[in-house]
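This report introduces a single structure to a reader who has not met it before. Please look over the sequence and the model first, and then follow the text from single residues to the sheet and the ligand.

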Amino acid sequence: MSSDPNDSAANAGDADGIVARFEADALGIADLDALEELRASYLGRKRGAVTALFQALRELDGDAKRAAGAAANRARQQIGARLEQIETELRSAATASREQAELVDVTLPAIPDNLGGLHPITQTLQEIQNVFVSMGYGVVDGPEVETDWYNFGALNFPEEHPARDEQDTMRLAGDLLLRTHTSPVQIRYMEQHQPPLAIIVPGRVYRRDTPDATHNPMFVQCEGLLVDTDITLADLKGTLDHFAKALFGPGTKTRFRPGYFPFTEPSAEVDATCPACHGDGCRVCKGSGWVELLGCGMVHPALFENVGYDPTKVQGFAFGMGVDRIAAVRYGLRDIRAYYDNDLRFLRQFTS
Ligand code: PHE
């Protein structure tokens with residue numbers, strides 16, 4: 001053991017050198033892993049430079065030992081404090097950058113490009129519904145898979161009616177089929193309710209059509225049914241004329257042409273003046289000034305019998321329209337296949 005003061009001076013000098021080297025090393029520390037590495041090489045049990053200073057104390061005694069011990073303690077304290085400080089800085093920098101990355105400014109407006117919009121058929125259907133709801137009609141729906149009875153039989157279709165043909169109707173197993181119109185819901189609703197009643201029935205219908213500019217094998221209809229006492233054709237005409245004006249504008253006129261449906265008698269086809277040219281003739285109405293609006297008629301007494309109403313006591317009217325077609329007129333669409341292509345360039349034209 002040596003008590004040479006030079007030794008202790010050398011030891012104190014060592015401590016200062018170690019602190020100076022540590023300060024230089026500390027400048028390059030950029031993350032917590034590097035910091036741990038730095039801590040180990042100065043204060044670590046096995047290879048720490050300061051730890052070595054303490055081990056070297058064993059070789060000393062007296063004043064030299066005291067001086068060297070004090071120097072080693074100082075070094076340990078300075079390095080420990082600086083490590084502490086660097087760790088605090090690194091941790092708060094990490095928190096700040098995480099907060100920055102996660103920052104959400106709730107006052108920013110939404111990105112308009114990502115907003116969805118209602119399909120043109122849905123928008124048109126909503127307008128149609130609004131007109132009838134404002135007249136007191138309820139909105140009802142029914143199954144898309146129907147039986148032959150509800151789709152045809154109860155609606156007074158004769159056995160040999162061409163619409164029953166496999167060519168027109170998509171048949172499923174047994175007696176089931178995909179409904180070809182929304183009219184079966186008339187029967188279902190009347191079976192469950194007593195008059196007076198007024199409903200509209202929007203929904204998908206299916207026909208075995210090859211898609212072209214004016215046909216899709218699936219399309220959307222909206223049915224209407226009103227049953228009460230003392231209902232006449234004048235009520236039907238007034239209701240539909242009001243509807244056409246509400247949908248296409250107050251200057252719209254309607255005309256009723258005789259038609260045929262097994263479930264209405266008499267039946268009519270209703271046209272409205274073209275909303276694009278107001279009757280002058282244009283591309284939308286193919287020059288005629290008129291567009292087809294819907295089919296309608298007074299409910300056939302056979303239907304009332306089929307649902308247990310007394311046809312001598314109640315009357316009613318019904319109508320049915322193709323929503324795809326009305327929307328096509330509204331938007332001047334040439335090819336209704338575009339509705340179901342889901343091309344965003346097409347659909348975006350209808351977002352407001
Ligand atoms: N169901 C008929 C069709 O699909 C439309 C219609 C409904 C006609 C109600 C008259 C009464 O063409």
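A residue is called buried when its relative accessible area is under 20%, and exposed when that value is over 50%. The model discussed here is a predicted one.

**Three residues**

By that cut-off Thr180 is buried, because its relative accessible area is 7%. Thr180 is found in the loop between strand S3 (176-178) and helix H7, and, when its neighbours within four places in sequence are left aside, it is in contact with Asn151, Phe152, Thr169, Val205, Tyr206 and Arg207.

Leu197, which lies in strand S4, also counts as buried, because its relative accessibility is 6%. With neighbours within four places in sequence again set aside, the residues in contact with Leu197 are Tyr189, Met190, Leu225, Leu226, Val227 and Tyr309. Between the C-alpha atoms of Leu197 and Cys285, which are 88 residues apart along the chain, the separation is 35 Å.

Is Arg345 buried or exposed? Arg345 counts as exposed, because its relative accessibility is 68%. Arg345 has its place in helix H11 (residues 344-347), and its side chain is joined to that of Asp343 by a polar contact of 2.7 Å. From Arg345 to Leu197 the distance is 42 Å, C-alpha to C-alpha, while in sequence these two residues are 148 residues apart.

**The sheet and its helices**

Seven strands make up an open sheet with mixed pairing, and their order is S1-S4-S5-S9-S8-S7-S6. At its edges are strand S1 (138-139) and strand S6 (254-261), each of which pairs on one side only.

Within this order, S4 and S5 run antiparallel and are joined by ten bridges, and one of the pairs places Ile200 opposite its bridge partner Gly224 in S5. S5 pairs in the antiparallel sense with S9 as well, over eight bridges, and here Gln221 has Gly322 in S9 as its bridge partner. Strand S8 (residues 290-299) and strand S9 (residues 315-322) are likewise antiparallel, with four bridges between them, and Cys296 stands opposite Phe319 in S9. Nine of the eleven residues of S5 are buried, so this strand is largely enclosed by the rest of the structure.

Two helices can be placed against these strands. Helix H7 (residues 184-192) packs on the sheet, where it touches strand S4 (197-206), strand S5 (218-228) and S9, and its direction makes about 40° with that of S5. Helix H8 (residues 233-248) lies across S6, strand S7 (264-273), S8 and S9, and runs at about 150° to S8.

**The ligand**

Which residues are closest to the ligand? The ligand is surrounded by 14 residues, of which the closest are His181, Ser183, Arg207, Gln221 and Glu223. The table gives distances from polar side-chain atoms to atoms of the ligand.

| Residue | Ligand atom | Distance |
|---|---|---|
| His181 | nitrogen | 3.1 Å |
| Arg207 | oxygen | 3.0 Å |
| Gln221 | oxygen | 2.8 Å |

Of the 330 Å² of accessible area that the ligand has on its own, the protein covers 89%. Two of the residues in the table have already appeared above: Arg207 is in contact with the buried Thr180, and Gln221 is the bridge partner of Gly322 in S9.

Technical notes. Residues are numbered from 1 along each chain as its sequence is written. This is a predicted model: local features need pLDDT of at least 70, side-chain atom pairs count only at pLDDT 80 or more; totals for chains, interfaces and linings use all residues. Side-chain values use heavy atoms; hydrogens and water are left out. Two strands pair if DSSP finds at least two bridges between them. Contact means heavy atoms within 4.5 Å. Axes are lines fitted to C-alpha atoms, for helices over the stretch in contact, and angles run from 0 to 180 degrees between N-to-C directions. A residue is near a molecule or strand if one of its heavy atoms lies within 4 Å of it. A polar contact is a pair of N or O atoms within 3.5 Å; within protein, one must be able to donate a hydrogen and the other to accept it, and residues adjacent in sequence count only if both atoms are side-chain atoms. Accessible areas come from the Shrake-Rupley method with a 1.4 Å probe; for residues, only the protein chains shown count as cover. Buried means under 20% relative accessible area, exposed over 50%, partly exposed in between (1.4 Å probe, protein chains only).
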